[in-house]
Amino acid sequence: MGQTNQQWHERRVDAVAQGVGNALPVYIERARNAELWDVEGRRYIDFASGIAVLNTGHNHPAVIEAVKAQLECFTHPCFQVTPYGNYIELAERLNALVPIADACQTLFLSTGAEAVENAIKVARIATGRSAVIAFRGAFHGRTLLGMALTGKVQPYKKGYGPFPAGIYHAPYPAAWLGVSDTQALASLAGIFAADVAPDDVAAIIIEPVQGEGGFYAASAHFLQQLRALCDKHGIVLIVDEIQSGFCRTGKTFAIEHAGVEPDLITMAKSLAGGFPLAAVVGRRALFDKALPGGLGGTYAGSPVAIAAALAVTDLIEREQLNEKARAMGEHLIARLTQLAADYPCIGDVRGVGAMVAIELVEAGDPQRPDPALTQRLVQEAGRQGLVLLSCGVRANVIRFLIPLTAEKEIVDEGLNILSSCLKMLQNTRPAK
């Protein structure tokens, strides 16, 4: 007889490091598109997509078929030892997909944190400089350099330092948090005046739409000004598209909304439809500075994951994923705005394409974030069969990362569960 959720959870407590987060104590046995079934046979609607990994849904038939075909050939010869053609084919596709006019090249890795670290390495070797500027609220990974770049202490940085030196943080432009474009740009000038000279800065790294930080989107104006600043001082502009990439925002990459050309783009998550693959893509002139052997990794560019990614890039056009993201986003914003009219705890509804969030506050007051309600909502939704994710610098944001391939009926069913949860929690709010 199979194990129950409770039995698996008891085994987890003994066997798995508690530092690994766990939103819901349910254990999944199978999945299809935007639906999950746990070991007890209970069905869930997935509004999390494995943290933005499954824009093409769980077990997309084209992805699974591509992986099966690759498994019949080989799994790991290591590209640096005996290379294989699909690595080159996918690199060519990504070089053509990114919004960079110059000749581009690609480096494959396994995780988003690796992509970020290697983007910094490329910027440093290309410029001969070492300092890096990131933004408050950013999330760039859990490695030491990734944590140094990340602009949120709890739970990512507390107790894990010291971190690599030469990292500086500027406020991210987020009107809801009271930070204007002008203030954010002025803070960069302040960093140059008080902390590090611009000609010592190798790179500025930014998420066009912050992921873990709360789904705040930088304006086109701010990103254009940032590009001009980097051009003025010879700084490499790195755009982190690990969560926002591969059609999530209605463009293949979120930076395309601003009409800005970055120098390097980091990507992972939905690149390979559920298989671990990451990439740094950008100007060949930057990559050319790295000596052979200075970049790469044993598992970097897994041929199995690359086969999956080739299928995903086919699906961008075949299934019109950008169009689906735009339509889904419009539908989500409309439904969530209706909910906000009924529930004052929803202080803000925002989104770019299908990268949508609600911010939960007390009595509609932006200055009174409600992280407790946010966690109660995640737990209650799970009990009612809906998987939600929280995020945000104040831990009070619910982010929606629904597979772009999800059927509209499934999306509406999930939104109805969300409404039911909000109604129940409003009527059972604990006394202070």
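**Close-up 1. Here we look for disulfides in this predicted model, and the count comes to zero.** Take Cys73 to begin with: its nearest cysteine sulfur belongs to Cys78 and is 18 Å away, so with a cut-off of 2.5 Å there's no disulfide here. Cys73 is exposed, with 56% relative accessible area. Cys247 is in no disulfide either, with the nearest cysteine sulfur, that of Cys104, 18 Å away. Is Cys247 buried or exposed? At 0% relative accessibility, Cys247 counts as buried.

**Close-up 2. This view is about aromatic pairs, and the model has ten of them.** Let's zoom in on Phe74 and Tyr84, a tilted pair with 5.6 Å from centre to centre and 55 degrees between the planes. Both residues sit in the loop between helix 3 (61-71) and helix 4 (85-97), so their pairing ties together parts that are ten residues apart in sequence. Tyr84 has another partner: the ring centres of Phe79 and Tyr84 are 5.4 Å apart and the planes meet at 80 degrees, so this pair is edge-to-face. As for how covered these rings are, Phe74 is partly exposed at a relative accessible area of 32%, whereas Tyr84 is buried at 6%. Phe79 is buried too. Which residues make up the aromatic cluster here? Phe74, Phe79 and Tyr84 join Tyr87 and Phe108 in one cluster.

**Close-up 3. Now for two spots where a charged residue lies over a ring.** In one, Arg30 lies over the face of Trp37, 4.2 Å from the ring centre. In the other, Lys157 is found over the face of Phe163, and the distance to the ring centre is 5.6 Å.

**Close-up 4. Meet helix 5, which runs through residues 112-127.** How far apart are the end C-alpha atoms of helix 5? They are 23 Å apart, which agrees with the 22 Å that its 16 residues should span at 1.5 Å a residue. The buried residues of helix 5 include Gly112, Ala113, Val116, Asn118 and Ile120. Just past the helix comes Gly128, with a positive phi of about 75 degrees.

**Close-up 5. Next up is helix 12, made of residues 371-383.** Its 13 residues should span 18 Å at 1.5 Å a residue, and the end C-alpha atoms are 19 Å apart, which agrees. Among the buried residues of this helix are Leu373, Thr374, Leu377, Val378 and Glu380. What covers the buried residues of helix 12? The cover includes strand 3 (43-46), strand 12 (355-360), strand 15 (397-400) and helix 13 (408-427). Following the helix is Gly385, where phi is positive, near 95 degrees.

**Close-up 6. Finally, we peek into the largest nonpolar core, a set of 125 residues.** Which members touch the most other members of this core? They are Met267, Leu388, Phe400 and Leu418. Helix 10 (residues 303-318) gives the core its largest share, ten residues. Look around Leu388 and you'll find that it touches Leu377, Val378 and Ala381, three residues that are buried in helix 12. Leu388 also touches Phe47, Ile398, Phe400 and Leu418. There's a second, separate core as well, with 16 residues, including Ala52, Val209, Ala357 and Val397.

Note on methods. Residues are numbered from 1 along each chain as its sequence is written. This is a predicted model: local features need pLDDT of at least 70, side-chain atom pairs count only at pLDDT 80 or more; totals for chains, interfaces and linings use all residues. Side-chain values use heavy atoms; hydrogens and water are left out. Rings of Phe, Tyr and Trp (its six-membered ring) pair if their centres lie within 6.5 Å; planes under 30 degrees apart count as stacked, over 60 as edge-to-face and the rest as tilted. Helices (H or I, at least four residues) and strands (E, at least two) are DSSP runs, numbered from the N terminus. Buried means under 20% relative accessible area, exposed over 50%, partly exposed in between (1.4 Å probe, protein chains only). A charge sits over a ring if NZ of Lys or CZ of Arg is within 6 Å of the ring centre and within 35 degrees of the ring normal. The expected span of a helix is 1.5 Å times one less than its number of residues. Contact means heavy atoms within 4.5 Å. A nonpolar core is a set of buried Ala, Val, Leu, Ile, Met, Phe, Trp, Tyr and Cys residues joined through side-chain atoms within 4.5 Å. Lists of a residue's contacts leave out its neighbours within four places in sequence.
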